[in-house]
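Student: I have a new model open on my screen, and I would like to learn how to read it. Could you take me through it feature by feature?

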Amino acid sequence: MNESTIDKLKTLAEAAKYDVSCASSGSSRRKAKGGIGTTSGWGICHSFTPDGRCISLFKVLLTNYCIYDCAYCTNRRSNDVRRAMFTPEELADLTIEFYRRNYIEGLFLSSGVVRNPDYTMELMLRTVRLLREVHQFNGYIHMKSIPGASQELVAKAGTYVDRMSVNLEIPSEENLKLLAPEKDYAGVFAPMRFIQQGMLENIEERKKFRYAPKFVPAGQSTQVIIGATPDSDKQILTLASALYRRPSFKRVYYSGYIPVNNNDNRLPVLLSPPLVRENRLYQADWLMRFYHFDAREIVDDLHPDLDLDVDPKMGWALRHPEYFPIDLNTAPYEMILRVPGIGVKSAKLILASRRFGTLSSHQLKRIGVVMKRAQYFIVCRDLPMRTINEVTPEYVRRQVSQRKAQEASPEEMQLPLDFS
């Protein structure tokens with residue numbers, strides 16, 4: 001690489017670090033004769049930043065020039081930052097060079113908006129087309145669709161990439177207009193709709209033609225910035241729940257707001273990003289996707305924000321003592337899933353194991369149940385029934401909080417979040 005390319009790479013890789021909607025699962029691309037790369041799970045490398053965020057693939061911007069002036073974005077046009085731009089040929093060559101050196105296994109491509117959305121989308125489309133058709137690259141590609149881009153360009157890009165995403169960024173349109181006056185939900189949801197339509201049409205096409213090319217096989221995702229606006233967790237999770245009802249939608253990513261622009265009075269003043277709240281939202285998101293919870297059960301009008309002291313599942317259980325304790329030897333699967341300390345795998349093992357006899361607390365531990373949490377909500381062979389008067393929600397919360405504080409030693413609490 002020459003010095004100019006290295007300078008561009010430093011600038012544009014650094015500019016891409018705030019986008020967390022990056023994943024590498026859900027796609028399997030056929031091995032092509034003479035091609036290079038693979039989308040197999042074991043072929044995708046993951047690394048972690050010091051603040052705990054997962055960075056997958058070669059994550060880079062095509063350019064950090066941008067016509068928009070979003071208050072929360074470090075690349076906004078009014079910022080005095082170093083600007084750079086790759087040509088599609090440069091970026092495709094760089095990706096292949098990194099792949100051949102075994103640095104990366106795929107590409108996460110995003111961009112600022114230069115000139116207009118369609119012009120930027122054309123440059124990104126040309127990049128992925130070069131990778132697929134010229135370099136015969138079969139590895140994973142995740143591309144950000146530019147809000148406002150035409151349906152034709154989105155449709156073309158979808159035939160080359162594995163996943164596409166369009167960032168909502170702000171959970172409500174009112175606050176989006178406040179922080180990004182040149183954007184609106186119509187421009188964001190339009191490409192989302194184009195991607196969904198293309199995926200549904202592709203499903204029907206592949207029923208008729210077995211070898212029809214796949215369209216965005218890993219689905220679409222989005223990112224929501226947390227803490228830049230006063231939107232409640234109820235608003236955020238209600239929005240996420242609505243998105244998950246779309247057949248093409250795979251993930252909503254939650255990004256704790258990082259104050260990169262300190263001279264804008266529209267933004268809150270934070271010393272550090274709200275990572276605890278971000279973590280709680282991911283836990284709540286997991287409950288909606290895998291534990292049969294509805295967003296209205298996790299947060300409601302009385303509790304519009306998640307409890308930062310306990311996880312959302314424990315919070316729901318403490319607010320609904322009338323459901324507990326439950327007998328794990330007779331309770332249905334859906335109710336077992338709602339017990340704190342019991343995961344999907346453990347719940348399935350409980351159903352399979354109790355067919356051969358009543359379960360004891362020792363057996364539950366071997367299955368994988370976290371008894372320190374579950375003991376307050378269950379009954380089994382050697383764990384007696386305890387009434388709500390004996391184990392109140394306040395008592396359980398106190399016990400869980402005390403145990404959590406005891407288990408976290410001062411040394412552990414001072415360790416940086418470095419998982420590399």
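**Reading the sheet and its surroundings**

Tutor: Let us begin with strand β7: seven of its seven residues are buried, so β7 is largely enclosed by the rest of the structure. Please keep in mind that this is a predicted model, in which local features need pLDDT of at least 70, side-chain atom pairs count only at pLDDT 80 or more, and totals for chains, interfaces and linings use all residues. Residues are numbered from 1 along each chain as its sequence is written, and side-chain values use heavy atoms, with hydrogens and water left out.

Student: What do "buried" and "strand" mean here?

Tutor: Buried means under 20% relative accessible area, exposed means over 50%, and partly exposed is in between, using a 1.4 Å probe and protein chains only. Strands (E, at least two residues) and helices (H or I, at least four) are DSSP runs, numbered from the N terminus. In this chain there are 16 helices and 10 strands, and 51% of the 420 residues count as buried.

Student: Which residues point one way from β7, and which the other way?

Tutor: Gln220, Thr222, Val224 and Ile226 point one way, while Ser221, Gln223 and Ile225 point the other way; all are buried.

Student: How do I read strand pairing, and in what order do the strands of the open sheet come?

Tutor: Two strands pair if DSSP finds at least two bridges between them. Here, six strands form an open sheet with parallel pairing, in the order β3-β4-β5-β6-β7-β8. Its edge strands are β3 (58-61) and β8, each of which pairs on one side only. On average, neighbouring strands of this sheet are turned by 20 degrees against each other, direction ignored. For such angles, axes are lines fitted to C-alpha atoms, for helices over the stretch in contact, and angles run from 0 to 180 degrees between N-to-C directions.

Student: Where can I see the pairing of β7 residue by residue?

Tutor: Try the β6 side, where β6 (residues 163-165) and β7 pair in the parallel sense over two bridges. Methionine 164 stands opposite glutamine 220, and serine 165 stands opposite serine 221. Towards β8, seven bridges join β7 (residues 220-226) to that strand, again in parallel. Serine 221 has arginine 251 of β8 as its bridge partner. The chain goes from β7 through helix α7 (residues 233-244) to β8 in a right-handed β-α-β crossover. Right-handed means that, with the strands pointing away from the viewer, the path from the first strand over the helix to the second runs clockwise.

Student: Is β8, as an edge strand, mostly covered or mostly open?

Tutor: Mostly covered: seven of the eight residues of β8 (residues 249-256) are buried.

Student: How do helices sit against the sheet?

Tutor: Look at the angle of the helix to a strand. Helix α2 (residues 88-100) lies across β3 and β4 (106-110), running at about 165 degrees to β3. Helix α3 (residues 117-134) lies across β4, β5 (140-144) and β6, at about 175 degrees to β5.

Student: What is a nonpolar core, and where does the largest one lie?

Tutor: In soluble globular proteins, nonpolar side chains tend to be buried together. A nonpolar core is a set of buried Ala, Val, Leu, Ile, Met, Phe, Trp, Tyr and Cys residues joined through side-chain atoms within 4.5 Å. The largest one here has 115 residues, and Tyr72 and Leu237 have the most contacts inside it. Helix α6 (residues 185-208) gives the most to this core, with eight residues. Domain 1 (3-26 + 41-298) and domain 2 (312-407) both give residues to the core, so it lies between them; the domain bounds come from an automatic or database domain assignment.

Student: What does leucine 237 touch beyond its sequence neighbours?

Tutor: A contact means heavy atoms within 4.5 Å. Leaving aside neighbours within four places in sequence, leucine 237 is in contact with residues including Tyr254, Leu281, Met288 and Leu306.

Student: Which backbone oddities should I look at?

Tutor: Arginine 115, in the loop between β4 and α3, has a positive phi of about 70 degrees although it is not a glycine. Arginine 115 is exposed, with a relative accessible area of 60%. Then visit phenylalanine 324 and proline 325, which are joined by a cis peptide bond with omega of about 0 degrees. Proline 325 lies in the loop between α10 (312-319) and β9 (326-327).
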